[in-house]
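Please find below a briefing on the structure shown here. It covers the contact between the chains, the nonpolar core and the build of chain B.

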Amino acid sequence: MIETMFGTLFTMLTTPYYLWLMLIAVLIGIWVGITPGIGGKLSIALAIPFVFGWEMIPGAIFLLTMHAVNGTSGQISSIMFGVPGDGDDAATVLDGHPMAQKGEAGRALGASMTASGVGGIIGAIVFALMIPVLEPVVLAFSPAEFFLLALLGITFIAFLAGGSGIFKGIIVGLYGMMLGTIGMDPQTGTARYSGDYLFLWDGLSLVTAVLAIFAVPEMIALGVKGGAISAVSKEAAKYSYRQLFDGVLDVPRHWWLVIRTSVIGAVIGMIPGLGGSAAAWICYGHAVQSSGTPERFGKGAVEGVIAPETASNAKEGGSLLPTLFFGIPGSSGMAILLGAFLILGIQPGPTLITQNLELVWMLIWALVVGNIMAVVILLFFARWVALLTFVRGELLIPFVLILCVVGAFVNEAQWENLVILVVLSAIGYGLLRADWPRAPFVIGLVLGPIAEESLHKALALWGPGFFLRPLSLVLIALIALTIGWAVYTGRRQSLAIGTGAVAK
Amino acid sequence: MTVVMLAVFIAMVGIASQYPPDARFMPFVAGIPAIALCLLQLYLDLRRSRRVREHETARQKLSRITGGRIDFDMARERPAAVRSTPHSSATVRRELALWGYFLGLVGGVLLFGFMATIPVFVVVFLRQWAKTSWSFALGLAVAASTVLYLVFILGLKVGPHPGFVTGFILERLFG
């Protein structure tokens with residue numbers, strides 16, 4: 001394993017093609033992270049048509065690097081203008097923006113970018129350390145467990161919807177699974193739900209589905225609400241490099257906090273269903289609790305910037321672990337990334353450890369090198385990158401819509417996919433407008449065929465009693481516990497609202 | 001949404017029932033529990049909307065008793081469903097307009113192909129929706145068409161959809 005570990009690093013650093021790809025991915029990731037209206041999930045969905053047909057390793061490196069550095073640039077608007085790019089960055093606003101208001105924007109940016117980079121690297125190291133620990137566990141899984149893991153994946157992602165929303169999430173996940181059955185049935189050769197339409201015999205295009213469910217609805221929502229934050233003064237983007245360097249040095253000054261929050265972030269990332277923001281908020285809370293002077297927090301304490309930033313980037317390494325080895329994405333962003341990996345031909349599961357460890361290490365190094373690149377670029381150019389925040393969201397809409405239409409067409413070169421794009425976009429927008437989660441749809445669509453194959457294998461091997469195997473029972477218990485916990489918390493919330501009203 | 005989902009699942013399970021046993025197995029495994037969950041969700045939705053109605057009735061009754069002189073600010077105690085902001089008619093108009101643009105783009109690509117539709121779409125959207133200047137809109141339209149040509153046609157070697165009526169129009173115009 002040591003040989004593969006360093007061999008892949010050497011290959012990555014000595015192959016200009018990989019380095020160029022990563023540089024482009026980092027630049028796109030930075031742009032996506034800071035531009036209002038385009039989130040990490042959307043960027044992966046839009047990048048899928050471009051990487052379609054690429055070889056497995058370069059495609060995966062490109063997508064993962066782009067995804068991993070989103071958060072590093074997202075904090076710029078949080079700190080400078082008090083406008084968080086997404087939930088992960090919201091915790092950074094608490095102390096980052098007060099620092100900027102005190103004239104310490106450069107220090108806050110230096111600290112947050114370095115902390116993000118270091119967090120991303122430590123997250124990748126935690127992931128690497130977990131491989132030998134998890135190897136026997138992953139290899140113990142049989143088709144029966146992989147079928148149940150697909151259901152568990154949907155349940156975990158549905159759990160992100162929160163409380164009683166879990167039912168909506170599971171329904172959407174099962175809908176994805178249902179659409180995953182469109183096409184020729186591998187068992188009987190029956191054309192399911194495709195009638196005489198030959199273009200459907202190979203199944204629904206995953207690229208089209210992802211673009212339709214995520215990208216198009218997001219653009220329409222962006223157009224409806226408008227997405228510019230240009231009301232903020234551009235003067236706020238000015239700071240000195242001395243300040244920036246001082247912020248960089250804040251990270252080694254608080255090295256113990258950095259290590260603690262990175263490890264906590266990576267571990268939270270490994271637990272599917274906790275969601276991305278949880279890592280940042282938990283670590284912010286940890287920084288406050290472990291500080292000797294907690295009263296400084298919320299007024300511009302640099303530890304309040306370092307802790308959430310290390311955690312939110314470290315969780316990417318952690319969440320890659322269940323995504324790759326069990327097919328259970330740790331977050332909705334990872335759910336789309338998993339779909340993209342499948343399009344590239346990467347099958348999650350034990351074969352990655354037994355046959356494709358090189359790819360796994362490449363991905364780990366992509367996280368490390370990508371984060372270093374992003375930090376270096378941002379430390380030098382953050383002041384100009386910040387100006388991207390002033391781009392009007394409305395100007396992006398036609399180009400993203402064009403990318404969606406082109407993307408849906410190019411992967412199979414069939415015009416029928418444009419019709420599918422419109423139909424699924426309507427469903428996606430309906431889900432968004434009704435506040436139903438959309439990520440479980442991708443999981444269902446991606447894992448549906450794998451689940452079906454595993455189910456048939458499990459039935460052939462053990463008959464209908466396959467779910468009585470010990471590991472299967474553990475997974476069933478986990479599914480039941482997740483649903484039970486979601487229902488319990490949902491009921492508790494509604495009771496609390498009722499009690500509050502009565503007490504009043 | 002729940003009703004739509006329920007209808008979709010019932011239709012898909014109904015269609016699957018005509019397939020051979022092995023082929024309908026997975027649609028049943030996903031579809032039947034989904035129908036059950038949709039029914040459960042429908043019950044939850046109905047119960048929530050009944051609570052909302054009861055809450056509104058109570059508020060109106062209180063308002064009647066007090067002659068509307070006291071404003072009962074119950075926003076914080078209201079059930080989640082009441083708190084959700086209703087979609088105003090202006091929002092619906094914007095949504096419909098954006099859907100119009102999107103459908104126009106897809107329809108244009110299907111009828112006239114990518115190369116003809118994309119610059120027109122960019123100009124129309126930027127001028128009408130984003131209220132940009134002609135020069136800015138035209139500049140971005142040229143840039144978008146160039147990128148499309150360089151990346152997809154020259155780079156990825158993808159033959160763009162030519163459009164169903166483009167050939168017919170060109171034939172009529174130029175013989």
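Two residues are in contact, or touch, if their C-beta atoms, placed from the backbone, lie within 7 Å. By this criterion, A:L211 touches A:A45, A:V216, A:C404, A:G407, A:A408 and A:L421, with residues up to four places away in sequence left out. The model is predicted: local features need pLDDT of at least 70, side-chain atom pairs count only at pLDDT 80 or more, and totals for chains, interfaces and linings use all residues. Residues are numbered from 1 along each chain as its sequence is written, while chains are lettered from A and ligands numbered from 1 in the order in which they are written.

**Nonpolar core**
- The largest nonpolar core (buried Ala, Val, Leu, Ile, Met, Phe, Trp, Tyr and Cys residues joined through C-beta atoms within 7 Å) has 202 residues, of which A:L211 and A:V405 touch the most other members.
- Helix 16 (residues 357-385) of chain A gives the most to this core, namely 15 residues.
- This core lies between domain 1 (2-83) and domain 2 (89-174) of chain B because both give residues to it; the domain bounds come from an automatic or database domain assignment.

**Contact between chains A and B**
- Chain A provides 47 residues to the contact and chain B 49 residues.
- Helix 17 of chain A supplies the largest share of the chain A side, 11 residues.

**Chain B**
- Chain B has 7 helices and 0 strands, helices being DSSP runs of H or I of at least four residues and strands runs of E of at least two, numbered from the N terminus.
- Of its 175 residues, 22% count as buried, that is, with 20 or more other C-beta atoms within 10 Å of their own, these atoms being placed from the backbone.

Terms used: Buried ≥ 20, exposed ≤ 12 C-beta atoms within 10 Å, placed from the backbone.
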